[in-house]
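Please look through the sequence and the model together before reading on. The paragraphs below move from a single residue outward to the cores, the strands around them and the surface.

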Amino acid sequence: MKRVYLLLISITISLSALCQTSKHFTGTVKNANGQNIEYVTVVVKDMDIRTITDARGNFSVVVPDNNSPKLVFSHVAYSSKTVDIKGMSDKSHLDVVMEPSAYTLTDFTVVGKKIKEKTLKHKGLPFPGDVVFRGRNNIGVEMGITVKPKHDFHVKNIYLPVHKSTYSKCTLSVNVYEIFNKDSLVNILHKPIYSVVEESQAKHTLEITPQEPLVFTNHKGYYVSIEIVDTQSDGAIYLPAYLKTSYVRDPDSSKVKKIPINLGLSIKGFEY
């Protein structure tokens, strides 16, 4: 009798797992002025499920109907927002409003100082092989470098070498954070920096220019990263690898991991 009872429990648990349902949510992300926000990362909290809003701020995500589902919205220019979707019905539409981050860019005035052009970070030694971002699996994953200038530094351009891209088109985001401690990164951009990469088999270098004054203050640490935020086809982008330390940031946990391979990001500007 005991064996039969245990068997019935096992069957009940199995059927319960098979009958687990999911819900489909759509939505639009806007700012306080009613403007749609493009390329917002949407993560189901504590689960390996994520998507990203399109250029009009729209998103679609399927969420397992568990006990306490929450969606976490993040964007380089806005404060992260968590939305509890417990109790919401299938096919619900969410209107999410995000607030701009509170970071203020440093004002700078150069008076009586010697200014010289400088490359803040070099690529390192070439490594045989490429760093490959393939399909949509790597959307939202950031990879980049840290810098700590000895003098104030005005960023003019950021350069990224590309071996080839088989996407018909993909959009990269360049993100810049100030490092406050080992586990705390604060975005310092008010305007996201995007660069569109067209399909190409030719090796080339992207020249990416900030859309606002960007100054690194002496002896402060900064994390400069790139991530894929949108693709228009299945494919991959191949970036030359270099032997120099870089850091990968996971959007689900926001934790940063140190790795010995670099994408070849370099930053040029003026030191004063």
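In what follows, a residue is called buried if its relative accessible area is under 20%, and exposed if that value is over 50%. The model is a predicted one, and a convenient place to enter it is Thr 171, which lies in strand S12. Because its relative accessibility is 7%, Thr 171 counts as buried. Setting aside residues up to four places away in sequence, Thr 171 touches Tyr 39, Tyr 194, Ser 195, Val 196, Glu 227, Ile 228, Val 229 and Asp 230.

Strand S12 (164-181) also leads to the largest nonpolar core, since it is one of the strands that each supply at least two residues of that core. This core has 39 residues, and those with the most contacts inside it are Phe 133, Phe 216, Ile 237 and Ile 267. Among the other strands that each contribute at least two residues are S9 (125-134), S10 (142-147), S17 (221-231) and S18 (236-249). Taking Phe 133 as an example, and leaving aside its neighbours within four places in sequence, one finds it in contact with residues including Val 141, Met 143, Tyr 167, Ile 226, Ile 228, Ile 237, Leu 239 and Leu 263. A second core, separate from this one, has 18 residues, and Ile 37, Val 42, Ala 77 and Met 98 are included in it. In soluble globular proteins, nonpolar side chains tend to be buried together.

How is strand S10 placed with respect to the rest of the structure, enclosed or open? Five of the six residues of S10 are buried, and the strand is therefore largely enclosed by the rest of the structure. S10 pairs with S17 in the antiparallel sense over five bridges, with Val 224 in S17 as the bridge partner of Ile 145. S10 pairs with S18 in the antiparallel sense as well, over three bridges, and here the bridge partner of Gly 144 is Tyr 247 in S18.

Not every nonpolar residue belongs to the interior, as Leu 125 in strand S9 illustrates. Leu 125 counts as exposed because its relative accessibility is 59%. Together with Phe 127 and Leu 243, Leu 125 forms a nonpolar patch on the surface, and the accessible area of the three together is about 290 Å².

A last stop is Asp 46, found in the loop between strand S2 (41-44) and strand S3 (50-52). With a relative accessible area of 76%, Asp 46 is exposed. Although Asp 46 and Lys 70 are 24 residues apart along the chain, their C-alpha atoms are separated by 8.6 Å.

Terms used: Residues are numbered from 1 along each chain as its sequence is written. This is a predicted model: local features need pLDDT of at least 70, side-chain atom pairs count only at pLDDT 80 or more; totals for chains, interfaces and linings use all residues. Side-chain values use heavy atoms; hydrogens and water are left out. A nonpolar core is a set of buried Ala, Val, Leu, Ile, Met, Phe, Trp, Tyr and Cys residues joined through side-chain atoms within 4.5 Å. Buried means under 20% relative accessible area, exposed over 50%, partly exposed in between (1.4 Å probe, protein chains only). Helices (H or I, at least four residues) and strands (E, at least two) are DSSP runs, numbered from the N terminus. Contact means heavy atoms within 4.5 Å. Patches are made of residues with over 30% relative accessible area and no salt bridge: like charges are joined within 9 Å, nonpolar side chains (Val, Leu, Ile, Met, Phe, Trp, Tyr) within 5 Å. Accessible areas come from the Shrake-Rupley method with a 1.4 Å probe; for residues, only the protein chains shown count as cover. A salt bridge is a side-chain nitrogen of Lys or Arg within 4 Å of a carboxyl oxygen of Asp or Glu. Two strands pair if DSSP finds at least two bridges between them.
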